[in-house]
Amino acid sequence: MTRPGQSAVHRWGVGDSAVPTFRGSVRARSAQSGTDSVDLSALDGAERLRMPAQLPRPSGGIDADTPFGAATNWVASPTWAVDHLIRNAGIHTCPPARSGALLYASMHGGAAANIGYLKSLSGDWSQWTKTNAPWECAVQGSSAGTTKAEYAPQVRSVNRNHSDGFLYEVWIDNKGVTSGNRTVDLSLSWVPANLTPVYTTLRADFEKGAVTFYNGTNPDPAKNPETSWSVEELTVQFGRWHFAMWLKFSASGVPTVEGTVQYPEGSGKFLSPGTVGSAIPPGSMGNNILRIGGVRVESLQVSQLAAKPSTYEDITQTGKWKRTATLDVPDIPMRVVPVASGGAWDTITAIARATLSTAEFDGDGIFRWRNRSRWATAPTVPNVTVTSARELASLTVMEEIDACRNHCSVKWANWSRVKANKATTKAAVNIYGIPAGGTFGINWTVGDDELDTPPPFTYTDALPDCIRFVDANSSSASMVYGAVEVGTRRENGLLMLTMRNRSNSTVWLRGATTQLASVSLLTPSIDSGMTPSDHWAAAWNETSQKAYGVQEFQHDPQGWVQDSSSAASLATALRTAGAYPVPLLGNVEILPDPRIQLGDVVRIVDTTGAQLNTLAWVIGIRTAAEGGIVRQTLTLRGTAYNGIPVDAGLTPDPPVDPAVNA
């Protein structure tokens, strides 16, 4: 009955104390005729991560509008990359992107968008926390209110020719924030024929106790016409909030907005519909701008939906997803996301090796990402104690100089002198009539040196970053605005440009003449002459070097470390772990205990053989059963070394025989 691909769950223990130890799926089965047994092999949740690894590569970290420095290094992080990869497999740590998402940014260790494109960032993005995050991890904005990021949506939707609405939403936690700027702005811009953006902005203000919607051409929302709703609870309640704004346009472009606020204590408030400002000319969605005050923000998204979510459950996605992963606090900033290759699980394990982290699925199927902080301090309390008096059956203790690393170097990529090259374009002269409700697409190949390409703006000339639509296949045809949605995505080595005509008439993709380009994409790239320079950070232990000689170790994180502080921290962690040859304990056969997990700390007490009483990390577990007998063997690494060797009463031999000359 069992076939590859089917689920596999394993529990074992004594009597009624069986605990979950494995949850995954069958990889292979083998049965031999004449027997009553079938051999199975199964893989845990990593089986869900065998798809190609695809990571966004935004140019925002090296854009000319992004100042260089520690505050803006946080385009992404190894933690953010891992979260993105598992999210693609349906493994979530916070409310996921909706099916109609145009922009989604988890904020789990980076400002980069999971859906959409980070264009630039400014202010302080260096404060990331799990404490009092709305769900899993959040960025803590500056109390000056200057933490800011600008995004391009994955699809530039239009503000005419459809009845869809736009939902923009964000999760915020304000616990403990009682002073400074306590506002959050999320602006959607709309770009008409003259390329002058019109900004529609949601503002949540915890100091004034108000939610405000602005509409106007001034980039400063407060200088535009507004409509506001009083929400007094903002000034007195503290915890996790959800803000959502529903925006629709009339046939003439007049915006109507309504919203919801979900309170920390569970109730909420519907914000009645209202209009504000002038009608917005026909056009497409421009860039989206996020500005954060001194609160914590997570799970930002903008979606285009056919209907407004009607209940609090639909608005907050309650019951629509399940939290099945947990992450440690992000601790390594990245300005540029490295190129990923192979499968998603292969990339996750490569990131773990590069950053001294661990990635695992526990017996319940929960994914757990732990950074190097778990090894930073020697443990003092064991999870389990095994002794020779009861559990311990055999023990092998190994201590070797190969385990000593007392001069550790870590390479890091310095992006300080690198800026995105915006002179590269991908143009096409395609002439195509897109029928009413129809779609059309153009593909280009894309290389590893090219960063992500946002969708172009509709304009009268196919300048770089622009596309041209007209109402007839003629050089004298009139331009068409607010009719065709344009999107881009990068997938399987291709850059895909998609167009969707939302109007009731055929719209032509066409240049000003049959020889001129109809579209010109601006493709940011990294110049071959401006690649990041390799730098090294080192840490060493002179006391160990005197005892064991210099034992050198070089660690290459393959681009996943991009600042000197993180490299120095990794070098210190490697030095601390390897300065002395810590004993390895192999073939530790114990009374089987299903509670023991990889990474646990056990106390080994052996009064009959090795005379041990020490704490050790569990770095390997082998459990086997045959004939109703279960055997469990551990591989352990000591948490402390046995001291520097002392040649008491001995005369050490020199490295060269004194009686021999060369």
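# A tour by selection: helices α1, α3 and α5, then two strands

Select His 84 to begin; this residue sits in helix α1, which covers residues 78-88. The model on screen is predicted. His 84 is buried, since its relative accessible area is 5%, under the 20% limit for that class. Show what lies around His 84: apart from neighbours within four places in sequence, it contacts Gln 54, Leu 55, Pro 56 and Asn 114.

**The whole chain**

Zoom out before going further. The protein has 662 residues, of which 51% are buried. Its secondary structure consists of 5 helices and 41 strands. The C-alpha trace spans about 100 × 70 × 65 Å along its principal axes. If you draw a contact map, take the contacts between residues at least 6 apart in sequence: 72% of these join residues at least 24 apart.

**Helix α1**

Now select all of α1. How many of its 11 residues are buried? The count is 10, and the helix is mostly covered. The buried residues are Pro 78, Thr 79, Trp 80, Ala 81, Val 82, Asp 83, His 84, Leu 85, Ile 86 and Arg 87. To see what covers them, add strands β4 (101-105), β20 (325-327) and β22 (367-370) together with helix α3, which are among the covering elements. Past the end of α1, pick Gly 90, where phi is positive, near 85°.

**Where α1 meets α3**

Keep α1 displayed and add α3, residues 344-355. The two helix axes come within 10 Å and cross at roughly 165°. That angle is over 145 degrees, so α1 runs roughly antiparallel to α3. The crossing is left-handed. For the contact itself, show side chains on both helices: α1 contributes Pro 78, Ala 81, Val 82, Leu 85 and Ile 86, while α3 contributes Ala 344, Thr 347, Ile 348, Ile 351 and Thr 355.

**Helix α3**

Hide α1 and stay on α3. Its end C-alpha atoms are 17 Å apart, which agrees with the 16 Å that its 12 residues should span at 1.5 Å a residue. Its buried residues are Ala 344, Trp 345, Thr 347, Ile 348, Ile 351, Ala 352, Ala 354 and Thr 355. Which elements do these buried residues pack against? Select α1, β21 (358-361), β22, β37 and α5 to display them. Just after the helix, Leu 356 has a positive phi of about 60°.

**Helix α5**

α5 is the next selection, residues 564-578. From first C-alpha to last, this helix of 15 residues reaches 21 Å, close to the 21 Å expected at 1.5 Å a residue. Colour its buried residues: Ser 566, Ala 567, Leu 570, Ala 571, Leu 574 and Gly 578. Turn the view to look down the axis of α5; the buried residues fall within an arc of 135°, so they line one face of the helix. On the face turned away from that buried side are the exposed residues Ser 565 and Thr 576. The cover over the buried residues includes α3, β25 (407-414), β36 (533-540) and β37 (552-555).

**Val 470 in strand β31**

Leave the helices and select Val 470, in strand β31 (residues 469-470). Is Val 470 buried or exposed? Val 470 is buried, with a relative accessible area of 0%. Draw a distance from its C-alpha to that of Arg 510: the separation is 6.8 Å, for residues 40 apart along the chain. Arg 510 is also one of the residues that Val 470 touches. Leaving out residues up to four places away in sequence, the other residues touched by Val 470 are Ala 477, Ser 478, Met 479, Val 480, Val 507 and Trp 508.

**Arg 27 in strand β2**

The last stop is Arg 27, in strand β2 (residues 19-31). With a relative accessible area of 36%, Arg 27 is partly exposed, the class between 20% and 50%. Its C-alpha lies 9.6 Å from that of Ala 8, which is 19 residues away in sequence. Not counting residues up to four places away in sequence, Arg 27 touches Pro 4, Ser 41, Ala 42, Leu 43, Glu 47 and Arg 50. Show these side chains to finish the tour.

Note on methods: Residues numbered from 1 in each chain as written. Predicted model: local features only at pLDDT ≥ 70, side-chain atom pairs only at ≥ 80, totals over all residues. Heavy atoms only, no water. Helix = DSSP H or I, 4+ residues; strand = E, 2+ residues; numbered from the N terminus. Expected span 1.5 Å × (residues − 1). Buried < 20%, exposed > 50% of the residue type's maximum accessible area, 1.4 Å probe, protein only. Arc of directions from axis to C-beta. Contact = heavy atoms within 4.5 Å. Axes fitted to C-alpha atoms, helices over the stretch in contact; angles between N-to-C directions. Parallel < 35°, antiparallel > 145°, perpendicular 65-115°, else oblique. Left-handed = near helix turned anticlockwise from the far one by under 90°.
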